[in-house]
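Reader: I'm new to reading protein models, and I'd like a close look at one part of this one. Could you walk me through a helix and its surroundings?

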Amino acid sequence: IRAVQRVRETQAEAVAFVVNKGIGLDTNSAAQDYISLHSGDAALLLESLEYIQQTANQILNSIGAGDSPAPPAN
């Protein structure tokens, strides 16, 4: 898998995971499975953390979910 695609797929799936959690949807292991499928790993997620947080916050704020309290952790 190309490096750029690996980064983009990992970031996109991580953003989707955060947004889903932010609006109360449980995706089980789907995000982890997808990230693994594209050779993403903890190091890449850590490197991308700021991007993931900023993007997820923008999406949550734009749909009016940014001010809601976070769902309880499982």
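**A close look at α1**

Author: Happy to! Let's begin with a residue that touches the helix: leaving aside neighbours within four places in sequence, L60 is in contact with V18, V19, G22, I23, A65 and G66. Keep in mind that this is a predicted model.

L60 also belongs to the largest nonpolar core, a set of seven residues whose other members are A14, V15, V19, I52, A56 and A65. Two elements, α1 (3–22) and α4 (49–62), each give two or more residues to this core.

Now to α1 itself. Its 20 residues should span 28 Å at 1.5 Å a residue, and its end C-alpha atoms are 28 Å apart, so the expected and modelled values agree. Which residues of α1 are buried? They are T10, Q11, E13, A14, V15, V19 and N20. Among what covers them are α2, α3 (42–47) and α4. As a general rule, an α-helix has 3.6 residues a turn, so residues three or four places apart point the same way.

What comes after the helix? α1 is followed by G24, which has a positive phi, near 90°. L25 lies in the loop between α1 and α2 (30–37). With a relative accessible area of 45%, L25 falls between the 20% and 50% cut-offs, so L25 counts as partly exposed. Together with I23, I59 and I63, L25 makes a nonpolar surface patch of about 340 Å². I23 is also one of the contacts of L60, which brings us back to where we started.

Methods
Residues are numbered from 1 along each chain as its sequence is written. This is a predicted model: local features need pLDDT of at least 70, side-chain atom pairs count only at pLDDT 80 or more; totals for chains, interfaces and linings use all residues. Side-chain values use heavy atoms; hydrogens and water are left out. A nonpolar core is a set of buried Ala, Val, Leu, Ile, Met, Phe, Trp, Tyr and Cys residues joined through side-chain atoms within 4.5 Å. Buried means under 20% relative accessible area, exposed over 50%, partly exposed in between (1.4 Å probe, protein chains only). Helices (H or I, at least four residues) and strands (E, at least two) are DSSP runs, numbered from the N terminus. Contact means heavy atoms within 4.5 Å. Patches are made of residues with over 30% relative accessible area and no salt bridge: like charges are joined within 9 Å, nonpolar side chains (Val, Leu, Ile, Met, Phe, Trp, Tyr) within 5 Å. Accessible areas come from the Shrake-Rupley method with a 1.4 Å probe; for residues, only the protein chains shown count as cover. A salt bridge is a side-chain nitrogen of Lys or Arg within 4 Å of a carboxyl oxygen of Asp or Glu. The expected span of a helix is 1.5 Å times one less than its number of residues.
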